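Please work through the exercises below with the sequence and the structure side by side, and try each task before reading its solution.

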Amino acid sequence: MAMNELRTQVAVVGGGPAGSLLAYLLRLEGIDSVVIERRSRDYVLGRVRAGVIEHGTAQLLRDVGLGERMDAEGFVHDGVNLAFGGSLLRIDFRGLIDRYVVIYGQTQLQRDLYDALDRAEIPLLDESDDVTLDGIEGTEPTVTFRRHGETHTIRCDYVAGCDGVHGVTPQYIPGSLRRTYERIYPFVWVGVLSPTPPVNDELIYANHETGFALCSMRNEHLSRYYVQGSADDSVDDWPDDRFWETLSLRLPPDVAETLVTAPSIDKIVTPLRSFVAEPMSFGRLYLAGDAAHIVPPTGAKGLNLAISDVYYLSRALAERYRTGSEEALQSYSDRALSRVWKAVRFSWWMTQLMHRFPGVHDDFDRKIQRTELEYLAGSEHARRAMAENYAGMPL
Ligand code: FAS
Ligand code: PHB
């Protein structure tokens, strides 16, 4: 591809799940795009992040031809478990609302997405730095960036800001228009990937007096575990021994006794916060995914929201190119935010329900937490509400 001066219909900044899926969905609509990614392809493919694909998201991926490896390698889960008071409470998605989730790592999905871009010959310009936008209030915005020592400019009709939590595109929404909403949680998640069989065949979210824990997995030989840590913790504060001891303490005894441990093969410390920036569009710039909103991973929503955003955006762009109407583009932000806020609420609710809030929660708060869990245990309606949020609200 002759570089320096490029022309495409949609310039996509960011080659994570949002950007790469958007480019692929646009191609299915006959719309050309170019993906500009700061990191190397291998770096992006090496990131270990989310693990839960919502019912509707899984169906969307199948509908657009991206479900084959997910269905071959992913695990359909009909429910999830909450651990408190030494036992498990199962939330039965299938029995309550006839839905399920698929356990399939974001790492694997990202691989599928990059393979799809390659098959469709959609340019993924990785290792692109210093991205700047211009002309987003006009009809031919540009994206300028440096790649392999040269400066390039892409002229386009629209720019999609899919550059995540540290992205540059959100700054092109004028501060006078931008409203942000944030909640920072006073703790972190310490995440471990271990070459061990999962302790349970479904996920376990544990509320314990010493803190939260989560048991997830990637396959029958690879487990993904998290424990709540202090807000100022770093990976160095969590040697494997401490991690396994804390996880084991926070699980019901009959579960903990079957826990298989091994040296971790990946370890991260990730802060938890809720963040939404409105609006998600300005001029010819449209934001999607973490570039516009962040949720604590407690509700397993971050990846799924990135996918629903680009589903709406791709359909709005398709309508524009098919009919000339910009109506769907004009309502994109409101439509995406309506679903975003429902996921933000649920992620906040799950986080409030399952964690200890040092220096914030008092005895009253802890009694409310326990009562909420016991209400779930005693009310099918309450479990149905949780099931429909966890398995995913309709697209
Ligand atoms: P991403 O951040 O995935 O992708 C943005 C891309 O843009 C990145 O590849 C980045 O390199 C690139 N980029 C950034 N700035 C750029 C620039 N200036 N120019 C070009 N490219 C640029 N979600 C869950 O549901 N469960 C989890 O357990 C979970 N764990 C997470 C752990 C971590 C450490 C992080 C950061 C996120 C986690 N998430 C989790 C959320 C995560 O899955 C996101 O929701 C998901 O990756 C969102 O996808 P994108 O919006 O594409 O953003
Ligand atoms: C994961 O498997 O990484 C995972 C699962 C559920 C969550 C968060 C992360 O809520």
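**Exercise 1: the surroundings of aspartate 126**

Task: find which residues aspartate 126 is in contact with, leaving aside its neighbours within four places in sequence, and decide whether aspartate 126 is buried or exposed.

Solution: Counting as contact any heavy atoms within 4.5 Å, and leaving aside neighbours within four places in sequence, aspartate 126 is in contact with Glu37, Arg39, Ser40, Arg41, Arg147 and His148. This is a predicted model, in which local features need pLDDT of at least 70 and side-chain atom pairs count only at pLDDT 80 or more, while totals for chains, interfaces and linings use all residues. Residues are numbered from 1 along each chain as its sequence is written, chains are lettered from A and ligands numbered from 1 in the order in which they are written, and side-chain values use heavy atoms, with hydrogens and water left out.

Next, place the residue: aspartate 126 sits in the loop between strand 9 (124-125) and strand 10 (128-134), where strands (E, at least two residues) and helices (H or I, at least four) are DSSP runs numbered from the N terminus. Aspartate 126 counts as buried because its relative accessibility is 13%, the classes being buried under 20% relative accessible area, exposed over 50% and partly exposed in between, with a 1.4 Å probe and protein chains only. Finally, a polar atom of the aspartate 126 side chain lies 2.9 Å from the backbone nitrogen of arginine 41.

**Exercise 2: the shell around ligand 1**

Task: work out how many residues surround ligand 1, and which of its polar partners can be named with a distance.

Solution: A residue is taken as near a molecule if one of its heavy atoms lies within 4 Å of it. Ligand 1 is surrounded by 31 residues, and the closest are Glu37, Arg47, Arg49, Gln106 and Asp290. By class, the shell holds 14 nonpolar, nine polar and eight charged residues; here Ala, Val, Leu, Ile, Met, Phe, Trp, Tyr, Cys and Pro count as nonpolar, Asp, Glu, Lys and Arg as charged, and the others, Gly among them, as polar.

Turning to the secondary structure, helix 1 (17-28) and helix 9 (302-323) each supply at least two residues of the shell, and helix 9 gives the largest share, three residues.

For the polar contacts, look for pairs of N or O atoms within 3.5 Å. A polar side-chain atom of glutamine 106 is 2.5 Å from an oxygen atom of ligand 1, a side-chain N or O atom of tyrosine 226 is 3.4 Å from an oxygen atom of the ligand, and a backbone N or O atom of aspartate 290 is 2.8 Å from an oxygen atom of ligand 1. Of the 980 Å² of accessible area that ligand 1 has on its own, the protein covers 89%, as computed by the Shrake-Rupley method with a 1.4 Å probe.

**Exercise 3: unusual backbone geometry**

Task: locate the cis peptide bond, and say where aspartate 98 and aspartate 130 lie.

Solution: Most residues other than glycine have a negative phi, and most peptide bonds are trans. The cis bond joins glutamate 278 and proline 279, with omega about -5°, and proline 279 belongs to the loop between strand 18 (266-278) and strand 19 (281-282).

Aspartate 98, although not a glycine, has a positive phi of about 55°; its place is in the loop between helix 5 (93-97) and strand 8 (101-103), and it counts as exposed because its relative accessibility is 54%. Aspartate 130 likewise has a positive phi, of about 50°, but lies in strand 10, and with a relative accessible area of 53% it is exposed.

**Exercise 4: reading the sheets**

Task: establish in what order the strands of the three-stranded open sheet run, and which way the side chains of strand 3 point.

Solution: Two strands pair if DSSP finds at least two bridges between them. The three-stranded open sheet has the order 4-8-5 with antiparallel pairing, and its edge strands, each pairing on one side only, are strand 4 (52-53) and strand 5 (75-77). Strands 4 and 8 pair over two bridges, and isoleucine 53 has valine 102 in strand 8 as its bridge partner.

In a regular strand the side chains alternate between the two faces of the sheet. In strand 3 (residues 33-36), Ser33 and Val35 point one way and Val34 and Ile36 the other, and all are buried. Strand 3 pairs with strand 2 (residues 10-13) in the parallel sense over four bridges, and valine 10 stands opposite serine 33.

Note on methods: A polar contact is a pair of N or O atoms within 3.5 Å; within protein, one must be able to donate a hydrogen and the other to accept it, and residues adjacent in sequence count only if both atoms are side-chain atoms.
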